[in-house]
Amino acid sequence: MHFAKHRWYRGTFRPKDSFLESLGFFLSTNIIMEETMAYNHKDIEQKWQQFWSDNETFKTVEDADKPKYYALDMFPYPSGQGLHVGHPEGYTATDIMSRMKRMQGYKVLHPMGWDAFGLPAEQYAMKTGNNPRDFTAKNIQNFKRQIQSLGFSYDWSREVNTTDPAYYKWTQWIFEQLYKKGLAYEKETLVNWAPDLMGGTVVANEEVVDGKTERGGFPVYRKPMKQWILKITAYADRLIDDLDLVDWPDSIKEMQKNWIGRSVGASVFFNVEDSEKQIEVFTTRPDTLFGATYLVISPEHDLVDQITTPESKAAVEEYKKAVATKSDLERTDLNKDKTGVFTGAYAVNPVNGKKIPVWISDYVLASYGTGAVMAVPAHDGRDYEFAKKFKIDMVPVYEGGNLEDGVLDSEGGLINSGFLDGMDKQTAIDTMISWLEEHGVGHKKVNYRLRDWVFSRQRYWGEPIPVIHWEDGETTLIPEDELPLRLPAATDIRPSGTGESPLANLDDWVNVVDENGRKGRRETNTMPQWAGSSWYFLRYVDPKNDQKIADEDLLKEWLPVDLYVGGAEHAVLHLLYARFWHKVLYDLGVVPTKEPFQKLVNQGMILGSNHEKMSKSKGNVVNPDDIVERFGADTLRLYEMFMGPLTESVAWSEDGLNGSRKWIDRVWRLMIDDENQLRDHIVTENDGSLDMIYNQTVKKVTDDYENMRFNTAISQMMVFVNEAYKADKLPAVYMEGLVKMLAPIIPHVAEELWSLLGHEGGISYAEWPTYDESKLVEATVQVILQVNGKVRSKITVDKDIAKEELEKLALADAKIQQWTADKTVRKVIVIPNKIVNIVVG
RNA sequence: GCCGCUGUGGCGGAAUUGGCAGACGCGCUGGACUCAAAAUCCAGUUCCUUCACGGGAGUGUGGGUUCGACCCCCACCGGCGGCACCA
């Protein structure tokens, strides 16, 4: 243990001293601490949090004349672990923006809530025999206490909770709209079946990591199962194109584009010889069709059984079996060596009538495109490897290169391609697509990597899907006026064992009979956690409305969200799903904007002091409760904003934290004496000595906050405080300005100083400071004198003097003369008010 | 492998438009205060060289453009994130 490095608070102990010395040390320290501890964070923070609560200071203002600002945090999953120091980073950022905007005259919507459905609560409940509802309620209570202890300016009257029936009524309502629009359908699909996760559950592709469940690390198998699917692919184009409308980091836009994976190409139909069957392939390179010397279809493809010749049957069956038992991991990462089997069938290349063999291979994915490709081994690396291994013909269709050396590129003109010969790539693509369309053997096609969204979860702790399956085969929605379909209050949640959710065990709930005596069974699947979080930002606008998702006028008033801050782990899925739902609701006329989140910011991660991700197992987790107790919420807020740019990951440092506390003390001492009185060097007159630095500070801090560069804003205020310490007199208006600028970051201390400066009613709606442009201009400027690009001297001259005069002064400078004396001046570059560079040789 | 971001003192970071690299903070060193220590206040702190004045080098590496490059261009190396046989 390094005691010197862990001076927690004003050095409370010194282990190397003898006992007697330590005793004396403690006694004197305590006396002094009592004298100088004018700023007591516990008292002040408690006092002002009470004040804000009593006065409903942060209740959202409804005022048609004020501009609006909607600052949103990604609402947390209230885990049993409690708050992590990473949470307050983003929360502080939106809080600073909210508090500044209020002071600038905006009406601000700044809410918080709970994404409270989810797997851990269900797992915990199963393990302990408790109800996830009680467990979740307890966790929310703890999260709320922790968040409130940090002094965020949330309007708690708008708190939402995804597990509240009054909330999920509308989640179910949205599902019903999706169903009515044909965007929700049931399908028997190959799903990721994890038999060991909670007695058997299905997880989405994105929740599978390395062939195992993301949570728990259980093995995953592929199994056909009837699932609810949402047709997100119908919105693929708009989800890409509308990214142009929002102010998001380029990296996130790029990730979403890649995830959707739009590629433009052509569908081409190949007739299977001696058969009525056709194989449709998708290709982005129709220009290379003359070079297609075989087809490959995925082993799972429907046509495999139909076209395989009797002689090949055994080999094909064996290959299919081998592939089916391989995990996705083995099919991709582990096996770079191409495998495959000839089906015995031949297809006809529509463009030249050539007979080409049809193979199956696992390098063709069933889930992408049509599950079949035309192989052009001369110009595609994968096809090249495959053809080389199985000794299949290669026909180059672009001039140049040697096939012995490997796959060829597609520069230059086409060859061996009939009517395409001599064309360049793009012309050939366009010409070929026209040809295919004219001859009815293909057409232009856009393909996506994005899959439809598997929306069912075999869980208890989620929104019930409001659907009944009747004995006659009909499927109906629960009528809207009967929503919400409540999650039954089960006391004993157990896996059904069949792969269905634990709801299947609850006979009273599952079995229904209609007025005609027709029997039915409720859908036992529940919704994924993504459901509730895909629209919660709409509910904050009108959280108590029991007639609608939210009032249209209020939605028009507040949307879109002006600032959305959260972790980059939600870069793709949450943000894509929320955008998808938003667009569906836009099409229904429910919401007024195409996009939900105008500006998005991803905060970086706060790493442990060893520069590694914080985790229990590494023992580097910092608990915010502990920091609030020892240093106060203001110190935590200040430190997290000062440690580096919001968007970057930075390592936690106890020393840095301590420094932040010391600076708050320093600001405090600048204005307040040991008797807790305003210091008498704070005066009403202004001797002008702080004019320049004050006005610079207001300008920079305002601008930096607006652009969320909190670290540099803080450093500018530090510079101002350093200057203020050197001044004899401190104009009261400047001190008030400083306190106002500090208020968004360290609100409790700012409130206390504001009241000590003689103001009543709190600082939250005090007017944001302004600066005087005329005080920013200096009469003289320092000009850098360089010789051959190296700084050799500096002169101070009147601002805006003529170029010629500046050049003359520069050349006359004594130090410059030393450097230029015996040399020829070849050139002089003069940048007024900045620099003179003399080139000699 | 592909796509994106990133690399600056002992440490976190700053330099917003191509114009003094290292603001601000931490740490460290020294001074004031104190019997003493802590705290506080003040000063110094990129590296090499020099008693000093000064000089030289320097923003991952190598090249280039420019009077002038952390900044723009080319190639490479390391770190982080995403995707991964996507036809």
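Of the atoms of RNA strand B within 4 Å of the protein, what percentage belongs to sugar or phosphate, and what do the rest belong to? Sugar or phosphate accounts for 60%, and the rest belong to bases. Keep in mind that this is a predicted model.

Start with the protein surface around the strand. There are 60 residues around RNA strand B. Those that come nearest are Thr284, Tyr368, Arg382, Met643 and Lys700. By class, the surface near the strand has 23 nonpolar, 16 polar and 21 charged residues. Helix α23, residues 710-726, supplies the largest share of that surface. Its contribution is 8 residues.

Now look at individual atom pairs. Threonine 284 uses its backbone: an N or O atom there lies 2.3 Å from a sugar or linking oxygen of RNA strand B. Two side chains face bases instead. In lysine 338, a polar side-chain atom lies 2.6 Å from a base oxygen of the strand. In serine 715, a side-chain N or O atom is 3.5 Å from a base nitrogen of RNA strand B.

Turn next to lysine 257. This residue lies in helix α8, which spans residues 250-260. Is lysine 257 buried, partly exposed or exposed? Its relative accessible area is 31%. Lysine 257 is therefore partly exposed, because that value falls between the 20% and 50% cut-offs. Leaving aside neighbours within four places in sequence, lysine 257 is in contact with Ile240, Leu243 and Arg262. Leucine 450 is 193 residues away from lysine 257 in sequence. In space, their C-alpha atoms are 9.7 Å apart.

Key:
Residues are numbered from 1 along each chain as its sequence is written. Chains are lettered from A and ligands numbered from 1 in the order in which they are written. This is a predicted model: local features need pLDDT of at least 70, side-chain atom pairs count only at pLDDT 80 or more; totals for chains, interfaces and linings use all residues. Side-chain values use heavy atoms; hydrogens and water are left out. Helices (H or I, at least four residues) and strands (E, at least two) are DSSP runs, numbered from the N terminus. Buried means under 20% relative accessible area, exposed over 50%, partly exposed in between (1.4 Å probe, protein chains only). Contact means heavy atoms within 4.5 Å. A residue is near a molecule or strand if one of its heavy atoms lies within 4 Å of it. A polar contact is a pair of N or O atoms within 3.5 Å; within protein, one must be able to donate a hydrogen and the other to accept it, and residues adjacent in sequence count only if both atoms are side-chain atoms. Ala, Val, Leu, Ile, Met, Phe, Trp, Tyr, Cys and Pro count as nonpolar, Asp, Glu, Lys and Arg as charged, and the others, Gly among them, as polar.
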